[in-house]
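Grab a coffee and have the viewer open. Below are a few exercises to try by hand before you peek at the solutions.

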Amino acid sequence: MKIHFFDILLVYDSELLIGVTYMKRYDATALGELLIDFTENGVSPQGNPLLEANPGGAPCNVLAMLSKLGHKTAFIGKVGNDMFGDRLKTAIEEAGIDSAGLKRDNETNTTLAFVYTLPGGEREFSFYRNPGADMKLCEADIDEELIAGSKIFHFGTLSMTHEKCRQATKKAIEIAEKSGAILSFDPNIRENLWDCMENARRQTAYGMEHCQILKISDNEIQWFTGEKDFDRGAAILKECFGIPLILVSLGSAGSLAFMDGVRAFCPAYINPGTIDATGAGDTFCGCVLHYVLKNGWRKYTKDELEDMLMFANAAASIVTARKGALRVMPSPGEVEAFIKSYDN
């Protein structure tokens, strides 16, 4: 039996749900990369591509969505002591994310990513991260009180590509588990950042061993399990790692949720204004965590899981029609209005 603390402590096993009062300062804290996403935004008179410097990084995108939905959030990570680091600190603070856990590195520049959108909407990433400041996060940078004061701790694998930041991530995970937080994991694999994909597989498995909520994309679950059938892939992950809630994002095909033998599916909201899918999966993940925070960590029915997916799919669809993710997350009213207009 695992213990997880919300404002009300929920002791959850297959038969029992007990309430005990316990306060936490933050709804969610995330650890990982905070970087600049350079995305295409037109062509100059000389025919050169114009690039827009958008604040990004999957963990902070998730927090930005949660903050937009009214939750108190905090971030742990490292940026350079440079102009981009200044802009990123300002951006997350403007998004309502507590920056107390954000560290600065005087020797290494802020990580940069160049995003190229391929025909059909798929993206190609080029990273300037050899090294990047996010890789320099170390165990001494981890704020134990911040993590222990959080209801949910969210992480991915980009903070596990190299030894120093990997050990920092694992220390944070250990603190979160001891504090009773719910752990949320999104692998968010970027193949060109790994020395080899076998190492990526090992670190992904580590994340799966230490989470209660897994958000994984269609191509990632196929890569990790070797199964093209998502139901069989999810069953393998459940059997191997015992993850209570597994969510599979399917892009334009929608999304799936699996929990305690219950399967739910929701089709995507296709947005005719789609220009860039960057951050859509993070938006989806933030909405899932919002549902858990709002409704408590417990078994969800099929109808409840479908409601969770519907809201998350709609929010993700809205973001695909906007440049950048962290600064353009939709409000609850925008999501509800989008769903209503789509249904009509």
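Each exercise below is a task followed by a worked solution.

This is a predicted model, where local features need pLDDT of at least 70, side-chain atom pairs count only at pLDDT 80 or more, and totals for chains, interfaces and linings use all residues. Residues are numbered from 1 along each chain as its sequence is written, and side-chain values use heavy atoms, with hydrogens and water left out.

**Exercise 1. Work out how helix 1 and helix 8 pack.**

Step 1: Find the two elements. Helix 1 covers residues 58-68 and helix 8 covers residues 280-295. Helices (H or I, at least four residues) and strands (E, at least two) are DSSP runs, numbered from the N terminus.

Step 2: Get the geometry. The axes lie 8 Å apart, at an angle of about 50°. Axes are lines fitted to C-alpha atoms, for helices over the stretch in contact, and angles run from 0 to 180 degrees between N-to-C directions.

Step 3: Name the arrangement. That angle makes helix 1 oblique to helix 8 (under 35 degrees is roughly parallel, over 145 roughly antiparallel, 65 to 115 roughly perpendicular, and the rest oblique).

Step 4: List who touches whom, with contact meaning heavy atoms within 4.5 Å. Helix 1 brings A58, N61, V62, M65 and L66, and the residues from helix 8 include C285, L289 and L293.

**Exercise 2. Trace the open sheet with the order 6-5-9-10.**

Step 1: Lay out the strands. Four of them make up this open sheet, and the pairing is mixed. Two strands pair if DSSP finds at least two bridges between them.

Step 2: Find the edges. Strand 6 (49-56) and strand 10 (123-128) each have a single partner strand, so one side of each has no neighbour in the sheet.

Step 3: Check the twist. Ignoring direction, neighbouring strands are turned by 30° against each other on average.

Step 4: See what sits on the sheet. Helix 2 (residues 83-94) touches strand 5, strand 6 and strand 9, and its direction makes about 95° with that of strand 5.

Step 5: Look at one pairing. Strand 5 (residues 35-43) and strand 9 (residues 112-117) run parallel and are joined by four bridges; F38 has F114 as its bridge partner in strand 9.

**Exercise 3. Describe the surroundings of strand 15.**

Step 1: Check burial (under 20% relative accessible area is buried, over 50% exposed, in between partly exposed, with a 1.4 Å probe and protein chains only). Five of the five residues of strand 15 are buried. On one side these are S255, A257 and M259, and on the other L256 and F258.

Step 2: Find the partners. Strand 14 (residues 245-249) pairs with strand 15 in the antiparallel sense over five bridges, and strand 16 also runs antiparallel to strand 15, joined by five bridges.

Step 3: Follow F258 across. I246 stands opposite F258, and in strand 16 the bridge partner of F258 is R263.

Step 4: Inspect the turns. Five residues separate strand 14 from strand 15 in their hairpin, where G251 has a positive phi of about 65°. The hairpin of strand 15 and strand 16 has two residues between the strands. There D260 takes a positive phi near 50°, although D260 is not a glycine. At 38% relative accessibility, D260 counts as partly exposed.

**Exercise 4. Pick out the backbone oddities in two loops.**

Step 1: Go to the loop between strand 10 and helix 3 (144-148), where P131 lies. The peptide bond from N130 to P131 is cis, with omega near 0°.

Step 2: Move to N188, in the loop between strand 12 (182-185) and helix 5 (197-209). Phi of N188 is near 45°, a positive value in a residue other than glycine. N188 counts as buried, at 13% relative accessibility.
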